[in-house]
Amino acid sequence: MAASINGVVPTTLQEKIKSSKLLVVGAGGIGCEILKNLVLSGFPYIEIIDLDTIDLSNLNRQFLFHREHVGKSKAQVARESALQFNPDVEIKAYHDSIIGTDYGVNFFHNFDVVLNALDNRAARNHVNRMCLNAQVPLIESGTAGYNGQVEMIKKGLTQCYECTPKATQKSFPGCTIRNTPSEPIHCIVWAKHLFNQLFGETVDDEDISPDVADPEGQDESANSHNDGEEQGQASGDDVSQAGNVMRVNTRQWARDNNYDPETLFNKFFNDDIKYLLSMSNLWKTRKPPRPIQWNNLLLRKDKANCKHQFMRQYHKIWSLAECAAVFEDCLKNLRTNVENLVEGDFLVWDKDDQSAMDFVAACANVRAYIFEIARKTRFEVKSMAGNIIPAIATTNAITAGIVVLQTMKVLLKDFDKCKSVYMRSRENPRQQLLVPEKTLSAPNPNCYVCAADPAIHLRVDTKRMRIKELRDEVFKKTLNMINPDVLIDSKGVVVISSEEAETECNEEKFLNELDIVDGVILKCDDFFQNYELNIIIIHTDAEHECSLFEVVADKDQLKPKGEHVPSKKESIADGPSTSKQARLNQRIDLSDDDDLCILEEEDECVKVRTKDVCVQTSKIEMATKSTNTLRVLFSSRNEPIPAVRRETTVIDIIDGDVIEILDSDEETGPTNIKRIRKYRL
C-alpha cells in the first residue's frame, strides 16, 4: 500500500508505519473510514473494538457494511471488509465493550496510538483515562452534521477529554412529565417511561401516574383525594399518604388485565387524565387536557375510514385511530416478548426495535392530542427519543483522513504539529473550511482527571442521599468510574468497596448516618482505571424535585449565589430574543452527554475575548468559557459589545456519528456577530 511505495512518504515515516500498532475504538461512521484509510496507507497491525451490531440505518454512511451484514458485529464485518482492500494487514477485531475488564491499562500499553471514533461519553471518558495512565497518545475525533473535529490528547502536553466541561443532558421535572406536559418531548419521555413501567426496568423516578405532590396542585390534593381513591379502586391503583397515585405494581396490574388494550388505554388516557382535571389548581393558567376513551366517537369514526391494516407511514402524522391500532398491535407483540423472557428479566427500549419504537410513537401522540400539543411523525419521534439525526458521510470521510494524518505526525513525535483541526460548514473570512488551532491546548490545572492531585467538591444533601445512590449516580454515572473503593479520609473507614457484598450493609444508609457530612473528605480509588480522586463534601438542603447532588470541579463555584455584576472581562451579547423571560445568572455545568457548541463566524466582526468567549444565541446569551464551567448570562438587547478579532471555532468536543439538534429556533441576529448552536449525541 501507500507506505510500502518508495517516495510516497518519507523514509523515516515509512519505517515508523511499518513498526506501529494501532487501536481503533469504534467501528461506526468515522471508525469505518479510519480503518479503510489505515489499511490503504499500509499500517500493518490494527486492532478494532466495538460492541454494536449493524443496523439497517447504518448503511447510508458506513460503507464497509451491506444489507447482508445487518445484525452482525460491526467490528468483525469491518475487519473482513477492510482486508479486501489490503489482505497483508493483520487486523484483530473484538465484539466487546472497551469498558470491559479485559481492556485495562496493560491492554493500552500494547499500542503506539489509540484512535477514538466513539459515540457516547462514558466510553470516551474511559478511553481518555486509560490512555493517560498508559501514557499512549490518543487521537479524538467526531462529527456533527457538516462540522467535524480532530484533537490529539497526550498526558502533560495537551488538555485531556475531560479538561473541558461538557453540557449536561437536558432533563425535565417529574411533575411536568406526569402532570403538565407542554412540548412534544415531554410526551415522548412519558411514553418511554410507560414502556419501562409495563415491559422494562422499573425506576421510581419514571412513574407515569399523576403526581399530586406537585407544588402547584398541593392545595387541591386534599379535595381530590377521595376522587383519586375511587379511580384507583376502579383500575388497580392506590393513593399514598403523600397524595401520589401509585400502582402497587404496574406490570402486574397489566398482566392481571391480560394486557387488554382497551383497559390500558382507558386507564392511561382517560382515568388518569380525569384525575389530573380534579387538581384544578394546575389549570388556572393552563388549558386543561381532554380525556379520551377507547370507544370514543372520534376513534370509531376514524377507524371506520381507515383500512384494517394500514401502512405505517413513518413520515406522516398518524391519526388517533392509527395510534390506537398501533398501540393494540404493539401490546400484543411486546407481551409475547416479555412472556418469552426468563423470570426476572425485562425488555430494554431500543429505538431500532420496531414494536418498542411504534409503542412510544403511538402513546406520545395520543398524549399530545390530549394536551393539545403538536403531534409528530414516527420519524420525528424516533429522532427525539433516540437523540439522533443522520450524520453526513462526507464529513466522516474528511475527519477520518485528518485522523490518519495526525497519527502519522504522532508516530514521528511531531507533537507541536498536532494541533486540533475543526471542519466548518462554510468558509471563514480566510476562506478556510479546515481550521487548525494556533497552538496546542494546555492541560487544565483544575481538571479532576489529569491534574497532579485531582479533587472535586460535591454539593449533596447528606440527609437524603443513600450510599447506593452515591455509588451509582455520582461515582459511576457522573464521574465515570467502574468499580470504586471509597473511604472516609479522617477515619480510614471503607464505605464503598469494589469487593462484592463487602459493604452491602451500607447501601440503604443515608450519608449522614455514616458521618459523611459537610467538610468530610472522601478518598476514591478505581483500581481498574488506575484513578484516584479526593471528594470534599459540601452539604446542601435539596428542594423538592431538585437534584440531590452537584459535582463542582472549581472551588470558586462554592461562593454564595448572589446577584452577579458582570466584570470588565465579561461581554454581554445583544440581539433579538425569541425565548421566554430571560433569567439572570444561569450557569450551565457541562458534565453529561456529548454536547457540542459550534461558533460560526460571519463577515468581519468577531465578538470574542482572549480568555472569555462571547457568543450570541436566539436567547440573548453570553457564554463565558472558563476552565471548568460555561456560564450563560442574559442582558438587555441594547447593551453594546466590544469587538475583538480572534479565530475561534469550537468550544467543546464534537461527538461521533449521530447527534440531536437541541435548539430549533431560527436565529435572526445581526450578521456581524458569532452565533452558537448546541448539538447532543
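## Exercises: helix pairs, a sheet and a few residues

The axes of helix H10 (residues 261-278) and helix H13 (residues 354-370) cross at roughly 25 degrees and come within 12 Å of each other. We're working on a predicted model, where local features need pLDDT of at least 70, side-chain atom pairs count only at pLDDT 80 or more, and totals for chains, interfaces and linings use all residues. Residues are numbered from 1 along each chain as its sequence is written, and side-chain values use heavy atoms, with hydrogens and water left out.

**Exercise 1.** Describe how H10 packs against H13.

*Solution.*
- Step 1: get the terms straight. Helices (H or I, at least four residues) and strands (E, at least two) are DSSP runs, numbered from the N terminus. Axes are lines fitted to C-alpha atoms, for helices over the stretch in contact, and angles run from 0 to 180 degrees between N-to-C directions.
- Step 2: classify the angle. H10 is roughly parallel to H13, because angles under 35 degrees count as roughly parallel, over 145 as roughly antiparallel, 65 to 115 as roughly perpendicular and the rest as oblique.
- Step 3: find the hand. H10 and H13 make a right-handed crossing; a crossing is left-handed if the near helix is turned anticlockwise from the far one by less than a right angle, and right-handed if clockwise.
- Step 4: list who touches whom (contact means heavy atoms within 4.5 Å). From H10, Phe265, Phe269 and Ile273 meet Cys363, Val366, Arg367 and Ile370 of H13.

**Exercise 2.** Now do helix H12 (residues 320-339) against H13.

*Solution.*
- Step 1: these axes come within 8 Å and cross at roughly 140 degrees.
- Step 2: the crossing of H12 and H13 is left-handed.
- Step 3: the H12 side of the interface includes Leu320, Cys323 and Phe327, and among the H13 residues they face as a group are Phe359, Cys363 and Val366.

**Exercise 3.** Lay out the eight-stranded sheet and the helices on it.

*Solution.*
- Step 1: write down the order. It's an open, mixed sheet running S3-S2-S1-S4-S5-S6-S9-S10, where two strands pair if DSSP finds at least two bridges between them.
- Step 2: mark the edges. Strand S3 (90-94) and strand S10 (434-436) each pair on one side only.
- Step 3: add the twist. On average, neighbouring strands here are turned by 15 degrees against each other, direction ignored.
- Step 4: place helix H3 (residues 74-85). H3 touches strand S2 (45-49) and S3, and its direction makes about 165 degrees with that of S3.
- Step 5: zoom in on one pair. Strand S4 (residues 113-116) and strand S5 (residues 138-144) run in the parallel sense over three bridges, and Leu115 has Ile139 in S5 as its bridge partner.
- Step 6: add helix H5 (residues 121-134), which lies across strand S1 (22-25), S4, S5 and strand S6 (147-153), at about 160 degrees to S5.

**Exercise 4.** Is Thr399 buried or exposed, and which residues does Thr399 contact?

*Solution.*
- Step 1: locate Thr399 in helix H15 (residues 393-411).
- Step 2: check accessibility. Thr399 has 1% relative accessibility, so it's buried (under 20% relative accessible area; exposed is over 50%, partly exposed in between; 1.4 Å probe, protein chains only).
- Step 3: skip neighbours within four places in sequence; the contacts of Thr399 then include Ile30, Ser141, Val150 and Met423.
- Step 4: Val150 sits 249 residues from Thr399 in sequence, yet their C-alpha atoms are 6.8 Å apart.
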